[in-house]
Amino acid sequence: GYQPSLTGVSSAFVVVFTPAAGLLDGGVRAFTYLGGTNGVAPVSSGAYATAIGDDDSITISGTTSASDFPSVRALQTWSVTSEDLGFLAKLSPDLTTLVYSTYFGGLQTSCMPVKLHEGRVYVAGHTRSGPAEGLPFRVAPGSPLVVDGFTYDLVSPNSTVFKGFFSVLDESPDPTQVALSVHYTTLFGGN
């Protein structure tokens with residue numbers, strides 16, 4: 001895999017199993033860790049969600065306290081004032097190549113669900129940050145966030161309480177460019 005050994009106290013990891021008739025009949029086709037060793041102690045990284053691309057690439061999201069978390073074609077870099085930044089990373093189907101990896105968010109950000117659709121990455125999570133603290137931010141103009149008929153109250157981006165976020169990111173197919181750009185981010189909940 002891309003990172004064959006554990007780093008820090010804990011690392012995110014991805015396993016690809018060989019398809020088989022039964023779970024015990026198959027085997028591990030590919031495995032990799034993803035983490036770093038420097039940063040806010042104790043240094044740890046954890047993956048919370050995965051999505052499989054049309055090309056069988058694997059996109060993962062999670063949280064890390066590692067200042068040296070692998071960074072490739074990054075939208076955002078480590079902030080020395082941060083603790084527990086969210087991350088988004090995309091790996092090749094065989095887990096040997098990191099297509100892109102970026103920090104995402106600011107103070108105490110966790111990236112959770114992730115979905116891929118037509119060149120876009122959809123991610124949600126919770127954070128204590130807003131634009132001033134590092135959350136890549138582009139608030140939808142005009143109206144509150146409405147999902148499945150339920151209206152969420154938007155909060156001040158500079159609030160110090162935890163709040164939810166929802167982001168839509170555009171993927172760049174150009175391997176020489178930053179991999180992601182913010183299409184839309186909004187905050188909801190909190191006080």
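In this predicted model, a polar atom of the Y103 side chain lies 2.6 Å from the backbone oxygen of A66. The side chain of Y103 also reaches the backbone nitrogen of F69, at 3.2 Å. Y103 belongs to strand β6 and counts as buried, with a relative accessibility of 3%. Sequence neighbours within four places aside, the residues in contact with Y103 include T64, A66, S67, D68 and F69, then Q76, T77 and W78, and also L85, G86 and F87. One of these, S67, is 36 residues away along the chain, and its C-alpha atom is 9.6 Å from that of Y103.

The distances given for Y103 are collected below.

| Atom or group of Y103 | Partner | Distance |
|---|---|---|
| Side-chain polar atom | Backbone oxygen of A66 | 2.6 Å |
| Side chain | Backbone nitrogen of F69 | 3.2 Å |
| C-alpha atom | C-alpha atom of S67 | 9.6 Å |

Strand β6 is part of an open sheet of 4 strands, ordered β3-β4-β5-β6 with antiparallel pairing. The edges are formed by β3 (45-52) and β6, each of which pairs on one side only. On average, neighbouring strands of the sheet are turned by 20 degrees against each other, direction ignored. Within the sheet, β4 and β5 run antiparallel and are joined by 7 bridges. I58 stands opposite L91 of β5.

The largest nonpolar core comprises 18 residues, and L34, I60, F87 and L95 have the most contacts inside it. At least two core residues come from each of β1 (12-17), β2 (28-34), β4 (58-64), β5 (85-91) and β6 (98-104). Strand β5 provides the largest share, 4 residues. For L34, contacts beyond four places in sequence are with Y2, Q3, S11, A12, S45, I60, F69, P70, F87, A89 and L98. A second core, separate from this one, has 15 residues, among them L88, Y100, V123 and V182.

Aromatic pairs number 6 in the whole structure. In one of them, the ring planes of F31 and Y33 stand at 90 degrees with centres 5.0 Å apart, so the pair is edge-to-face. Ring pairs also bring in F13, giving a cluster of F13, F31 and Y33. Is F31 buried or exposed? F31 is partly exposed, because its relative accessible area is 30%, and the buried class ends under 20%.

Terms used
Residues numbered from 1 in each chain as written. Predicted model: local features only at pLDDT ≥ 70, side-chain atom pairs only at ≥ 80, totals over all residues. Heavy atoms only, no water. Core = buried A, V, L, I, M, F, W, Y, C linked by side-chain atoms within 4.5 Å. Buried < 20%, exposed > 50% of the residue type's maximum accessible area, 1.4 Å probe, protein only. Contact = heavy atoms within 4.5 Å. Phe/Tyr/Trp six-rings, centres within 6.5 Å; stacked < 30°, edge-to-face > 60°. Pairing = 2+ DSSP bridges. Axes fitted to C-alpha atoms, helices over the stretch in contact; angles between N-to-C directions. Polar contact = N/O pair within 3.5 Å; in protein donor to acceptor, adjacent residues only side chain to side chain.
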